[in-house]
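Reader: Could you go through this structure with me while I have it open on the screen? I would like to start with how the helices pack and then look at a few single residues.

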Amino acid sequence: MSTVLDQIVSGVREDLAARRAALPLEQLRDLARAATDPLDALAALSASGGVHLIAEVKRASPSKGSLAEIPDPASLARQYAEGGASAISVLTERRRFGGSLADLDAVRAAVRVPVLRKDFIVDPYQVWEARAHGADLVLLMASALDQDELTGLLALVEELGMHGLLEAHDEDELDRCVAAGGRIIGVNARNLKTLEVDPRTVTRLLPLVPEGVVGVAESGVSGADSVREYVGAGARAVLVGETLVTGADPRSAVRELLAAGGRRVDVEESA
């Protein structure tokens, strides 16, 4: 029986085939090479002074369905940045998350912080797409890739001047992310094969992230207590989506979560 992840990746491959037919790889490469140079996401997430926040533009999820309409992703991204987010994550998967590359374009044009293309990356074409649309950081999920694919896609990401956020859900995947050379490794509390969320996955695995690697806690953040728990387990950064897009004041929510993780945000810093 296929998992939720299998079904999502199947749809991603179908949509990818259509985009590839409309825009051949050679033309896409030209667009990527003409794009503005990427920002240094590793430096942004490594800076001292408390936890960093990767704030997410996320309309829907497979587990919850529709979360927020987000008619203006650029405006939301600006509020995140003004609140002190160190990076903005943009869901670009269409079928289950309601995202698009147009969202990535809008966010890239609106903020001066690194932007993450968050999608189910299974093909080099998608890495070139990410760069062509201004991404600085690309999600690579160990659960969706074999080791050669993970290593090869990370090499291409870095060749294009971006960084990879390698994602693990268990000990084996974490070992694979380390072996691939990941310098930013996320631990996701949500198992995309079952959609179950268990914050203990993060608190169990984050302490195993090697020294010198930026550990990112993903999913299961419901408020300040969650951030404190993840920081206590070693998180250098926390990726938050649902809690922010369903709240009334994204800017203030970002500041509150950062404060819980020990980061003080000045107006000048977030402007």
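Reader: How are H4 and H5 oriented to each other?
Author: This is a predicted model, and in it H4 and H5 pack at an angle of about 45°, with their axes 8 Å apart. Angles that are neither under 35 degrees, nor over 145, nor from 65 to 115 count as oblique, and H4 and H5 are therefore oblique to each other.

Reader: Which residues meet there, and what is the handedness of the crossing of H4 and H5?
Author: From H4, Pro73, Ala74, Ala77 and Arg78 meet Asp103, Ala106, Val107 and Ala110 of H5. H4 passes H5 in a right-handed crossing.

Reader: And how do H4 and H12 cross?
Author: The axes of H4 and H12, the helix of residues 250-260, come within 8 Å and cross at roughly 35°, and this crossing is also right-handed. On the H4 side the residues are Leu76, Gln79, Tyr80, Glu82 and Gly83, which meet Pro250, Arg251, Val254, Arg255 and Leu258 in H12.

Reader: Staying with H12, which of its residues are buried?
Author: Pro250, Ala253, Val254, Leu257, Leu258 and Ala260 are buried in H12. They cover an arc of only 160° around the axis, which puts them on the same side of H12. Glu256 and Ala259, on the other side of H12, are exposed.

Reader: What covers those buried residues of H12?
Author: The cover includes strand E1 (52-57), H4, H10, strand E12 (237-240) and helix H11 (242-245). After H12 comes glycine 262, with a positive phi near 85°.

Reader: Let me switch to H8: which residues are buried there?
Author: In H8, which spans residues 171-179, the buried residues include Glu173, Leu174, Arg176 and Cys177. Their arc around the axis is only 160°, which puts them on the same side of H8. Asp175 and Ala179 are exposed, on the face turned away from the buried side of H8.

Reader: What covers the buried residues of H8, and what caps its N-terminal end?
Author: Among the elements that cover them are helix H7 (147-159), strand E7 (163-168), strand E8 (184-188) and helix H9 (199-205). The cap is aspartate 170, with a side-chain oxygen 3.2 Å from the backbone nitrogen of aspartate 172. Just after H8, glycine 181 takes a positive phi of about 100°.

Reader: Which residues have a positive phi although they are not glycine?
Author: As background, most residues other than glycine have a negative phi. Isoleucine 70 has a positive phi of about 50°, and serine 219 has one of about 75°. Isoleucine 70 is found in the loop between strand E3 (65-66) and helix H4 (73-83), whereas serine 219 is in the loop between strand E11 (214-218) and helix H10 (224-232).

Reader: Is isoleucine 70 buried or exposed?
Author: Isoleucine 70 has a relative accessibility of 9%, so it counts as buried, the cut-off for that being under 20%.

Reader: One last residue: where does threonine 92 lie, and what does its side chain join?
Author: Threonine 92 lies in the loop between strand E4 (87-91) and helix H5 (101-110), and it is buried, with a relative accessible area of 7%. Its side chain is joined to that of arginine 117 by a polar contact of 2.9 Å. Leaving aside neighbours within four places in sequence, the residues in contact with threonine 92 include Gly99, Ser100, Leu101 and Leu104, as well as Lys118 and Asp119.

Definitions and conventions:
Residues numbered from 1 in each chain as written. Predicted model: local features only at pLDDT ≥ 70, side-chain atom pairs only at ≥ 80, totals over all residues. Heavy atoms only, no water. Buried < 20%, exposed > 50% of the residue type's maximum accessible area, 1.4 Å probe, protein only. Helix = DSSP H or I, 4+ residues; strand = E, 2+ residues; numbered from the N terminus. Arc of directions from axis to C-beta. Contact = heavy atoms within 4.5 Å. Polar contact = N/O pair within 3.5 Å; in protein donor to acceptor, adjacent residues only side chain to side chain. Axes fitted to C-alpha atoms, helices over the stretch in contact; angles between N-to-C directions. Left-handed = near helix turned anticlockwise from the far one by under 90°.
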